[in-house]
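Hello,

Here is the structure I said I would pass on. My notes follow below it.

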Amino acid sequence: MLQFGSLPPTLVVPAIIVFLSSAWLTIRSMSFSKKSFPLPPSPPSARLLGHDVALQKKPFLKVGSWIDEYGPLVSLRTGTTKYVVIGRHQAAIDIMEKQGSSLVDRPRYVAAGQLLGGGLRILLTPAGERFRRMRRALHTHLQPKVAQKYELLQMLHARDTVLGLLDTPDQYQDHARTYAASIVLKVAYGKNTATHATDPDVVEVKKSLERYRVALQPGAYLVDIFPFLQYLPWYGRELRSGHIQDRSLFQRQLDAVKLQMNSPDAGPSFGKFLLERETDFGLTEAEMAFLAGGFFTAGSDTTALSICNSMLAAARHPEAQAMVHAELDKIIGNHRVPTFDDGDSLPVLRAFILESMRWRPLVPMGLPHRATEDIIWGDYCIPAGTTVYGNHWAISRDPEVFPDPEKFDLGRWLSSDGKLRDDLKFPYFGFGRRVCPGQHVASRSVFINTLLVLWSFRLSIDTSKPVNDMAFMTGVVPNAQPCSINFEPRIDKEELKVRMQQYPDDA
């Protein structure tokens with residue numbers, strides 16, 4: 001390093017000039033070096049509209065075909081807005097995980113994020129102090145050790161799923177939704193509910209989700225193209241009204257938790273956790289209400305979709321289902337009902353769950369991230385400010401990581417000695433610091449429901465009726481069931497009912 005103090009006085013100024021010039025040239029060359037990297041390749045597009053992804057019925061299929069043709073990364077355009085889609089496994093790890101600190105931010109959604117969400121929904125909250133406070137509260141309460149405390153509750157309601165399937169198997173989708181609503185309401189607020197269809201709060205949540213889903217659709221509101229519209233008092237009245245309704249719903253739930261906090265019957269809940277540690281996280285009343293409400297709304301449909309997807313995968317792939325049944329018969333048999341404690345002994349069942357989520361990812365397009373600095377990958381540069389998607393569908397079809405990707409293959413998740421591999425991951429719950437904070441509760445829900453349903457039944461598709469095995473990939477539970485599934489009890493029906501009514505007390 002240059003030591004200016006050791007130079008003669010007449011050379012100090014020239015040395016400083018040389019040093020600063022050298023530093024400036026180095027920084028400038030680095031800047032030019034980054035700018036010399038091009039954007040990822042872009043498929044041909046319409047001159048004004050750009051790429052027609054938003055107009056596609058199943059846009060993830062179109063994007064997947066572009067990834068196959070142009071490579072792991074593609075640049076797309078909607079109007080004048082450019083964004084980058086990542087569609088291969090290693091590229092997603094290199095960019096979304098290893099450089100995840102540059103992708104914590106979300107792009108600006110005026111309609112859904114500001115007018116409807118009031119900037120309080122964590123899904124669209126931009127990177128910054130509010131996001132850090134909210135994320136810390138979520139991850140503190142929903143870490144694995146805390147999530148484990150809800151296992152008894154999950155077993156009780158998974159039992160009800162099986163009992164419901166015994167009585168009305170044609171309503172499997174409703175049973176999954178009832179399970180999800182019951183668990184999420186209990187975890188979020190400590191509240192019990194009998195059914196998703198009649199509980200007024202669950203009904204309100206469905207309306208809230210639908211408002212949110214519509215507002216997120218590209219082109220749904222002009223304010224996302226012309227942000228100045230948000231300052232016009234007559235614009236977006238239905239969005240502002242929706243925000244008031246959501247705020248009232250979430251605050252009402254939090255107020256109910258306050259009233260129950262000192263009751264000896266008050267069990268654990270996320271709302272109770274927030275109120276007891278209000279000063280620890282520095283959250284406002286509105287932030288706490290929307291944080292618990294966001295867990296409530298986001299967790300209900302995604303959990304139900306995951307359970308339905310697991311049932312569909314079993315019915316659609318009888319060979320894989322038979323492998324699971326063989327493992328269950330060997331490890332558990334029919335003399336007892338399985339529990340969470342059996343998890344480590346069931347690698348085939350766990351491989352089945354992993355493969356079902358890869359086969360039909362619930363959020364195939366992925367969620368948007370915003371780059372806060374230039375990201376270099378290979379010969380390409382993703383400039384700061386660019387919206388970036390990790391496309392789950394295309395990643396799940398990466399032929400180098402998932403050979404013969406259309407095949408439902410449990411073996412891809414198992415080692416040569418039959419154990420679950422620990423070197424293969426799939427981004428079911430998102431990427432980096434934006435990963436779903438409720439993943440530990442959600443994954444346990446999918447596990448225990450899949451375990452009990454496959455232990456209890458042999459599932460098959462009713463081929464006399466239409467089958468849409470991609471219907472659970474929309475982010476919301478469809479109004480009509482996409483196919484008919486037969487549930488044949490694997491032991492005597494009445495005996496199964498008695499065992500389930502006693503479960504998990506006798507487990």
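Which residues does Leu 459 touch, not counting residues up to four places away in sequence? Please keep in mind that this is a predicted model. The contacts of Leu 459 are Met 311, Ala 314, Ala 315, Gln 321, Val 453, Leu 454, Ile 485, Asn 486 and Phe 487.

Cores

Leu 459 belongs to the largest nonpolar core, which has 118 residues; together with Phe 352, Leu 459 touches the most other members. Helix H13 (residues 285–316) gives this core its largest share, 17 residues. Apart from the largest core lies another one of 24 residues, including Ile 67, Leu 115, Leu 124 and Tyr 235.

Helix H17

Two checks were made on helix H17, which covers residues 439–456. At 1.5 Å a residue, the 18 residues of H17 should span 26 Å, and the end C-alpha atoms are 26 Å apart, so the two values agree. As for burial, 16 of the 18 residues of H17 are buried, which means that the helix is largely enclosed by the rest of the structure.

The sheet

Four strands make up an open sheet with mixed pairing, in the order S1-S2-S6-S3. At its edges are strand S1 (73–78) and strand S3 (368–370), each of which pairs on one side only. On average, neighbouring strands of the sheet are turned by 30° against each other, direction ignored.

S1 pairs with strand S2 (residues 81–86) through six bridges, in the antiparallel sense. In this pair, Val 74 stands opposite Val 85 of S2. Two helices go with this part of the model. Helix H2 (residues 59–70) lies across S1 and S2 and runs at about 135° to S1. Helix H3 (residues 89–97) packs on the sheet, where it touches S1, S2, S3 and strand S6 (387–390). The direction of H3 makes about 120° with that of S2.

A loop residue

Is Gln 230 buried or exposed? Gln 230 sits in the loop between helix H9 (200–216) and helix H10 (237–260). Its relative accessible area is 13%, and the cut-off for buried is under 20%, so Gln 230 counts as buried. Leaving out residues up to four places away in sequence, Gln 230 touches Arg 108, Val 110, Leu 115, Val 223 and Arg 240. One of these contacts, Leu 115, is also among the residues of the 24-residue core.

Regards

Notes. Residues are numbered from 1 along each chain as its sequence is written. This is a predicted model: local features need pLDDT of at least 70, side-chain atom pairs count only at pLDDT 80 or more; totals for chains, interfaces and linings use all residues. Side-chain values use heavy atoms; hydrogens and water are left out. Two strands pair if DSSP finds at least two bridges between them. Axes are lines fitted to C-alpha atoms, for helices over the stretch in contact, and angles run from 0 to 180 degrees between N-to-C directions. Contact means heavy atoms within 4.5 Å. The expected span of a helix is 1.5 Å times one less than its number of residues. Buried means under 20% relative accessible area, exposed over 50%, partly exposed in between (1.4 Å probe, protein chains only). A nonpolar core is a set of buried Ala, Val, Leu, Ile, Met, Phe, Trp, Tyr and Cys residues joined through side-chain atoms within 4.5 Å.
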